[in-house]
Amino acid sequence: MPTYDVKARDSKGNPKRQKIIASSPAEARSTLREQGLYVQELSEAQGMMNFDLEQLSTALTSVSVKDKAIFSRQFAVLINAGVALVRSLGVLADQCPNPKLKKALQQINADVQQGTNLSDSMRKHPQCFDGLYVSMVQAGEVGGVLDEVMNRLAKLLEDVARLNNQIKSAMTYPVAVGFIAVVIFIGMTVFLIPIFADMFEQLGGDLPFFTKLMMAVSDFLRTPIYVVGIIVVVVAMVVSFRQYYKTRIGRETIDRISLKAPLFGDLIQKNATARFCRTFGSLSRSGVPILTALEIVRDTAGNQVISNAIDQARREVQTGGMISLALQREQVFPIMAIQMISIGEETGEIDSMLMKVADFYEDEVEQAVKALTSIMEPIMIVVLGGMVGSILVALYLPIFKIMDQIG
């Protein structure tokens, strides 16, 4: 759809300039009137360079969980306040700082004005609104509780964003220290060791083995063809790993290994359990059918082994079985989580029980992240000290040997 440049005034007479996407000038004027604007000039945007830059900026931008959470919270407030759906979408599109989400909201607004359901309009923009989001919005439309569903979505997305931020913050320290350690090691190896190597050659004598080893490493790192070879090998390994992970067998193998990995395996399992329970509980509470909810949770699990377990549970439900029994056979989720889900199925309050399980395991993830951080800090300090210390030892060993000979 074309983009139009607009010069307008709001209800208070303040001038306003903006761009709007619409199928025709009449539709653009109608949308602007819904937003409470009085159009003065309306013309189709010109200039390929501006259009290309705008398209490039939109393509390179991603819609984060935080962006969707903020939109959901604001949308729920506007709907609950009695603001019309079209007017709400227009207001949120105008103030949205994310260009990709802004463009999607403008197109969704145009579709809704033409009579399309909100959920069907959102389904056209999978990069902004995934299956989970669309299904909950659809359930809210059918049940007439769209504002309540949007609040639940905002709460769900805020919890997911908080959990992701905790994990990212825990990994920031070891990554930063590891990077600094590598830079210091390479810098001292490339620039410092050659200086001492020339001094040792002038003094003569046989050098210790460890010093010879570090000099060989220095020569290796100062040879461009070897460095290029290392880079090529590393890039080839990364590409091969990604290609292998794209296959079903590779994804299952790597995800299964990650669940059993030391230190991180327990964290991954608890995080997956919290995500499954929170998402499944939110979908069930919003009125999404259980089979549809299981399909959505399966596709958003983030781990192929866990996705397979959820898919098996969905098949059990289709034949009249229980979710907890299927999950217990797969031996993927913790026993306590399965037992609480079983109690929820027996009492008919599975959505409430899922939320309690999600709260518990989110707290467990937070504690596990803190424990992992406390373990990683001394490990990284030892690694950094070992890398720097190895170079210093390699430099001082010949000095001690020469001093012994002089003595």
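Angles over 145 degrees between helix axes count as roughly antiparallel. The views below show a predicted model.

**View 1. Helix 12 packs against helix 13.** Two packed helices are described by the angle between their axes and the distance between the axes. The axes of helix 12 (residues 264-285) and helix 13 (residues 290-299) cross at roughly 150 degrees and come within 9 Å. The two helices are therefore roughly antiparallel to each other. Their crossing is right-handed. Helix 12 contributes Phe276, Thr279, Phe280 and Leu283 to the contact, and helix 13 contributes Ile290, Ala293, Leu294, Ile296 and Val297. Of these residues, eight are nonpolar, one is polar and none is charged.

**View 2. Lysine 270 is a buried residue of helix 12.** Its relative accessibility is 14%, and buried means under 20%, so lysine 270 counts as buried. Apart from neighbours within four places in sequence, lysine 270 is in contact with Tyr361, Glu364 and Val365.

**View 3. Three strands form an open sheet.** Strands of a sheet pair through backbone hydrogen bonds, either parallel or antiparallel. In this sheet the pairing is antiparallel and the strand order is 2-1-3. Strand 2 (15-21) and strand 3 (38-44) are the edge strands, each pairing on one side only. Direction ignored, neighbouring strands are turned by 25 degrees against each other on average.

**View 4. Strand 1 pairs with strand 3, and helix 1 lies across the strands.** Strand 1 (residues 3-9) runs antiparallel to strand 3 and is joined to it by six bridges. Tyrosine 38 in strand 3 stands opposite arginine 9. Helix 1 (residues 25-34) lies across strand 1, strand 2 and strand 3, and runs at about 150 degrees to strand 3.

How values were computed:
Residues are numbered from 1 along each chain as its sequence is written. This is a predicted model: local features need pLDDT of at least 70, side-chain atom pairs count only at pLDDT 80 or more; totals for chains, interfaces and linings use all residues. Side-chain values use heavy atoms; hydrogens and water are left out. Axes are lines fitted to C-alpha atoms, for helices over the stretch in contact, and angles run from 0 to 180 degrees between N-to-C directions. Helices (H or I, at least four residues) and strands (E, at least two) are DSSP runs, numbered from the N terminus. Angles under 35 degrees count as roughly parallel, over 145 as roughly antiparallel, 65 to 115 as roughly perpendicular and the rest as oblique. A crossing is left-handed if the near helix is turned anticlockwise from the far one by less than a right angle, and right-handed if clockwise. Contact means heavy atoms within 4.5 Å. Ala, Val, Leu, Ile, Met, Phe, Trp, Tyr, Cys and Pro count as nonpolar, Asp, Glu, Lys and Arg as charged, and the others, Gly among them, as polar. Buried means under 20% relative accessible area, exposed over 50%, partly exposed in between (1.4 Å probe, protein chains only). Two strands pair if DSSP finds at least two bridges between them.
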